[in-house]
Amino acid sequence: MRVIMGTASLGSIWAVFLLPLVFGVPTEEPTFGESVASHLPKNCQRCCDPEDPLSPADTVNAVPPYVLPEVRPYINITILKGKPGKNGTRGDRGSQGIKGDKGQAGSPGSSCQTHYSAFSVGRKTGLHSSENFLSLLFDRVFVNTDGHFDMATGRFVAPLRGLYFFSLNVHSWNYKETYVHIVHNEQAVVILYAQPSERSIMQSQSVMLPLVPGDYVWVRLFKRERENGIYSDDMDTYITFSGHLIKAEDN
C-alpha cells in the first residue's frame, strides 16, 4: 500500500515538470503589429512607422520639439471711431482778460492837402443862333470858388490836374431846335439836342473830363443852319452851367 502511493505521488511530481516541456511555457501573446513586423523582411518598413526611428541613444539626446509662442490679437481702439455725436451746449462766457500793454505809436503819415474847385452859373436871357458858333455867356453866379470860372469869356479854366464833372441845363424854345455843345478847349465832346416841338421843355447833359492846368471848358450854340435857340426870361433862370473837381492827381 505504501509502495503504490509512493509511486503515484512520484508520478504526479514528474508530470508537473514534464508538462512544460511537452506543451511549452506560455508567454505573452504578441500584438498584431509585432506579429506583422516579425514576419517582414529586414529592410522593409510599414507605412505607419516613423521614417527615421530613433535609437535608444538618440532618444536620450533628442532636442525637444519647438513650441509656437502664443499669439494674442491686440486691437487699437483709438482707430475705431464711431459717428460724431451731437454738439454740446455752449459754455458760459469766460471772464474778461487783463488789459494788454499800450502799443507803440505809429510813424507819422503824409500830409493831406484837400483841393477844391467848383462853379455854378446861370443865364436869364434867351439866345438864337447866328452865322457862326456862339459862346454861351452867363449873367448870374451861384458858386465860383477861387474865380476859376471866367464870366467874361464864359469858360472854366482848370487850376489842377484831375478829374472834373460838368452839367448843362437849358430850356428848349417852341418850334425851334435846341442844338448846344459842351466843348473841351476847341473840341466838342457832348451835344445837347432837342427836336422842334410845340412844347418847350427842360433838357440836360453831363460829362466827366480829365483836365490838366490851363484846360478850359465852355458851352456854344450851334451856328445857323436850322432855326436854333434856347429859351429864358428875366423872371426865372432856365439856363445853368456847373462843374467841380472830383479828384486831383498829385504830381
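**Strand β8 and its surroundings in a predicted model**

Strand β8 runs antiparallel to β11, and five bridges join the two strands. Within this pairing, H184 has V217 of β11 as its bridge partner. On β9 (residues 187-194), β8 (residues 178-184) has a further antiparallel partner, to which seven bridges join it. Two of the residue pairs in this second pairing are V180 with L192 and I182 with V190. The structure described here is a predicted model.

The setting of β8 is that of an enclosed strand. Seven of its seven residues are buried, so β8 is largely enclosed by the rest of the structure. The side to which each residue points does not alter this assignment: T178, V180, I182 and H184 point one way, Y179, H181 and V183 point the other way, and all are buried. H184, the bridge partner of V217 in β11, thus belongs to the set that also holds V180 and I182, the residues bridged to L192 and V190 in β9.

The connection between β8 and β9 is a hairpin with two residues between the strands. N185 lies in this loop and adopts a positive phi of about 55°, although N185 is not a glycine. N185 is classed as partly exposed because its relative accessible area is 23%, a value above the 20% under which a residue is called buried. A second non-glycine residue with a positive phi is Y175, at about 65°. Y175 is located in the loop between β7 and β8. Its relative accessibility of 58% places Y175 in the exposed class, for which the threshold is over 50%.

The loop between β8 and β9 also takes part in an electrostatic pairing. In general, side chains of opposite charge can pair when their charged atoms come close. The model holds one salt bridge, in which the side chains of R155 and E186 meet at an N to O distance of 3.6 Å. This pair links distant parts of the chain, with R155 in strand β6 (residues 155-157) and E186 in the loop between β8 and β9, 31 residues apart. R155 counts as partly exposed because its relative accessibility is 26%.

Strand β7 (residues 162-172) contains H171. With a relative accessibility of 9%, H171 counts as buried. Beyond its neighbours within four places in sequence, H171 is in contact with S200, I201, M202, I230, Y231 and Y238.

Strand β10 and the loop that follows it supply two partly exposed positions. M208 lies in β10 and has a relative accessibility of 49%. Together with L163 and I246, M208 makes a nonpolar surface patch of about 250 Å². P213 is placed in the loop between β10 (202-211) and β11 (216-221), and its relative accessible area is likewise given as 49%. The C-alpha atoms of P213 and L160 are separated by 4.9 Å, although the two residues are 53 residues apart along the chain. L160 is also one of the contacts of P213 outside its neighbours within four places in sequence, alongside A158, P159 and R161.

At the level of the whole protein, the model comprises three helices and 13 strands. Of the contacts between residues at least 6 apart in sequence, 72% join residues at least 24 apart. Buried residues account for 23% of the 251 residues. The accessible surface amounts to about 20,000 Å², and carbon and sulfur atoms contribute 56% of that area.

Confidence in the prediction is not uniform along the chain. The mean pLDDT is 76, and 65% of the residues reach 70 or more. Over residues 1-10, by contrast, pLDDT stays under 50, and the model has zero contacts for this segment beyond four places in sequence.

Technical notes. Residues are numbered from 1 along each chain as its sequence is written. This is a predicted model: local features need pLDDT of at least 70, side-chain atom pairs count only at pLDDT 80 or more; totals for chains, interfaces and linings use all residues. Side-chain values use heavy atoms; hydrogens and water are left out. Two strands pair if DSSP finds at least two bridges between them. Helices (H or I, at least four residues) and strands (E, at least two) are DSSP runs, numbered from the N terminus. Buried means under 20% relative accessible area, exposed over 50%, partly exposed in between (1.4 Å probe, protein chains only). Contact means heavy atoms within 4.5 Å. A salt bridge is a side-chain nitrogen of Lys or Arg within 4 Å of a carboxyl oxygen of Asp or Glu. pLDDT is the predictor's confidence in each residue, from 0 to 100. Patches are made of residues with over 30% relative accessible area and no salt bridge: like charges are joined within 9 Å, nonpolar side chains (Val, Leu, Ile, Met, Phe, Trp, Tyr) within 5 Å. Accessible areas come from the Shrake-Rupley method with a 1.4 Å probe; for residues, only the protein chains shown count as cover.
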